[in-house]
Amino acid sequence: MTDLEPEAEAVTAPPSLSPRHRMTVLLSMCLALVLVIAGVTMLVNALSLIAEDLNLSQAKQAWVVDAYALPFAALLMIAGAIGDRYGRRGALLAGTALFGFGSLLSALVSSGNELLACRAITGVGAALIMPGTLSTITSVFPAEQRSRAVGVWSGFAMGGGTLGLLGSGLLLQQFWWGSVFVVAAGIALVTFVVIALAVPSTRSSRPVSLDPAGTALSAIGVGALVFGIIEGPEHGWTSLLTVGSVLLAVVALVMFVWWELRVEEPLLDPRLFRLAGFGTGAAGLFIMFLALFGFFLVSMQFLQLMLGYSPLKAAVALLPQMAVMIPLSIAAAPLSMRVGQRRLTTIGLVFAALGMASFATLDAHSPYAQFLVCIILVSIGVGLSMTPATTAIVNALPLAKQGVASAVNDTSREIGAALGVAVLGSAFNTAYRSKITPALDGLTPETAASVKEAPAVALETARGLGSGGPDLTVAAQHAFESGLRAAVLLSAALLALGALYTWWRAPGQAEAAAPSLDDELDALTAEALVLVEPDPRPVPCLRPC
């Protein structure tokens with residue numbers, strides 16, 4: 001084994017920027033990050049209204065969410081490589097332009113399939129944005145300030161989802177559902193201007209391979225897996241379509257690993273995951289985002305359908321989550337240096353698992369106070385664990401490999417988010433349909449089929465049934481509760497497994513301070529980050545310098 005000492009690597013120092021300019025860069029990257037994260041939650045808040053207007057089934061609703069998350073997750077690695085090779089500012093600018101264009105088109109659609117296509121365009125833009133945010137921060141901040149900057153970034157990564165819910169709730173209170181996409185396009189325009197004015201471009205000084213074969217295999221593997229999981233409840237888990245999709249995913253991902261181990265310049269060398277901090281950090285983020293985004297999908301429906309909250313009131317009900325997570329994520333950076341990544345991440349995942357399991361006690365008559373206790377427990381857990389998991393990935397590799405570290409960090413989050421919507425959404429759908437089926441006797445085949453599709457449709461149908469409406473309403477509520485329990489208990493189990501894995505595998509304080517890697521990877525550490533596109537004019541700050 002050979003120790004990797006970042007200070008000994010042939011890398012340039014971070015670009016020479018004033019402290020205030022660095023802070024401007026940090027805030028602009030956080031703005032871009034919030035744009036990407038809120039792109040999911042703004043849609044989730046409007047999903048019930050979109051489903052009613054465009055007549056979307058529960059499976060179609062999951063696809064509307066994953067039409068954004070899937071290309072986002074599948075293209076993150078290649079997008080990170082493009083930023084490393086051609087300059088991260090250019091990738092950020094292209095991504096924000098594409099994100100804004102896709103968002104604007106989403107506001108103009110008239111069918112579910114059109115919305116899927118527009119959300120896919122937006123997801124490609126998000127993939128170009130996301131890797132550049134963290135790698136730009138780690139490139140411009142010196143080592144002694146990097147953990148705190150990553151903590152701020154992590155806080156906005158968690159708070160961005162709630163900000164998206166709140167903003168979309170305010171819009172939906174006054175306007176039609178397309179307004180959330182119009183505003184997202186406006187924020188993308190502002191982000192584009194801020195990046196163009198304030199962010200220096202960094203890239204690798206060494207040519208970076210884009211590895212088209214590895215990119216194709218990873219995209220096919222992730223796409224087929226998510227497709228199979230989403231379509232399982234619709235076509236049956238033993239159907240040819242479902243089984244075939246999962247088998248295709250397994251074959252593609254195995255081939256991806258095989259190819260990456262043999263190609264001279266891989267998109268992602270699988271051996272990096274043998275680093276304890278790198279592997280456990282990626283696993284922890286994957287599990288956290290799988291749990292969180294699947295939870296977002298069902299919790300917003302619980303608040304709106306079961307408790308009768310408006311989209312705005314539902315978003316306000318989740319604000320305590322942001323108030324807990326953001327301060328904890330910032331405080332977790334110095335705290336993890338004292339107690340170690342292993343302890344802090346494990347403790348956080350245990351809290352999150354307990355909080356998620358507590359959601360299984362909720363029903364249609366639960367008070368908000370009970371819901372609040374649940375989200376605070378989850379928020380404490382995620383706030384404590386996300387920053388050390390992110391920092392573990394960043395610190396596991398030298399400065400020369402921060403593009404790889406940032407892309408893996410983002411890919412872990414987004415594949416987790418995509419699979420969270422797919423896996424937990426499918427668990428919800430399977431339990432809901434099983435529970436609602438006995439209550440469909442006496443309904444016409446067409447009505448029964450629509451009621452079986454989604455709780456929102458069932459409750460809307462019940463309001464127009466006359467004397468039979470109350471019975472169907474109660475049945476739909478009980479079926480929703482069954483689906484909720486299935487989703488959150490599965491989520492809690494995954495978080496608990498993540499805690500056990502982190503405790504077993506994550507590095508202690510001494511190990512984290514001196515990461516190591518096999519001799520086979522030594523050649524990978526010669527890469528350097530340099531400032532490109534020098535401009536003799538001073539880069540303006542966005543606030544007084």
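These are my notes on the cavities, a pocket, a surface patch and some buried residues of this structure.

**Entry 1. The model.** I am working from a predicted model. I kept the residue numbers that run from 1 along each chain.

**Entry 2. Cavities.** I began with enclosed space. How many cavities of 30 Å³ or more does the structure hold? I found six of them. I then picked out the second largest cavity, which has about 50 Å³ of space. Its lining is made up of 11 residues, and Gly80, Gly83, Arg88, Pro131 and Gly132 are the closest to the centre. I looked up which helices contribute to this lining. Helix 2 (58-86), helix 3 (88-106) and helix 4 (112-140) each give at least two residues to it. I sorted the lining of the second largest cavity by class and got four nonpolar, five polar and two charged residues.

**Entry 3. A pocket.** Next I turned to open space and took the second largest pocket, with a volume of about 580 Å³. Which residues lie nearest its centre? I noted Leu268, Phe273, Thr411, Ser412 and Ile415, out of 22 lining residues. Five helices are on my list for this lining: helix 2, helix 7 (212-235), helix 8 (240-262), helix 9 (276-306) and helix 14 (402-436), each with at least two residues. Helix 14 supplies the largest share, five residues. By class I wrote down 18 nonpolar residues, four polar ones and no charged ones for the second largest pocket.

**Entry 4. A nonpolar patch.** On the surface I looked at a nonpolar patch formed by Leu104, Phe175, Trp176 and Val182. Together these residues have about 410 Å² of accessible area. I followed up one of them, Val182, and placed it in helix 6 (residues 179-198). Is Val182 buried, partly exposed or exposed? Its relative accessible area is 38%, so I recorded Val182 as partly exposed. Membership of a patch calls for over 30% relative accessible area, and the 38% of Val182 fits that cut-off because it lies above it.

**Entry 5. Ser106.** I found Ser106 in helix 3. Ser106 has a relative accessible area of 0%, so I put it down as buried. Its C-alpha atom is 6.3 Å from that of Phe181, and the two residues are 75 residues apart along the chain.

**Entry 6. Val44.** I located Val44 in helix 1 (residues 19-54). With a relative accessible area of 8%, Val44 is buried, because the limit for that label is under 20%. I also checked Val44 against Ala62, which is 18 residues away in sequence. From C-alpha to C-alpha, Val44 and Ala62 are 9.6 Å apart.

**Entry 7. Ser299.** I placed Ser299 in helix 9, a helix that also supplies residues to the lining of the second largest pocket. I have Ser299 down as buried, at a relative accessible area of 2%. How many residues along the chain separate Ser299 from Val488? The count is 189, while their C-alpha atoms are separated by 9.6 Å.

**Entry 8. Gly498.** My last look-up was Gly498, in helix 17 (residues 469-505). Its relative accessibility is 4%, so Gly498 counts as buried. I then checked Gly498 against Ala353, 145 residues apart from it along the chain. The C-alpha atoms of this pair are separated by 9.4 Å.

Conventions
Predicted model: local features only at pLDDT ≥ 70, side-chain atom pairs only at ≥ 80, totals over all residues. Heavy atoms only, no water. Patch = residues over 30% accessible without salt bridge, like charges linked within 9 Å, V, L, I, M, F, W, Y side chains within 5 Å. Areas by Shrake-Rupley, 256 points an atom, 1.4 Å probe, with all protein chains shown as cover. Salt bridge = Lys/Arg side-chain N within 4 Å of Asp/Glu carboxyl O. Helix = DSSP H or I, 4+ residues; strand = E, 2+ residues; numbered from the N terminus. Buried < 20%, exposed > 50% of the residue type's maximum accessible area, 1.4 Å probe, protein only. 1 Å grid on protein atoms, 1.4 Å probe; cavity = no way out; pocket = protein on both sides within 12 Å on 5 of 7 lines; lining within 4 Å. Points joined across faces, edges and corners; volume = space filled by probe spheres on them. Nonpolar A, V, L, I, M, F, W, Y, C, P; charged D, E, K, R; others polar.
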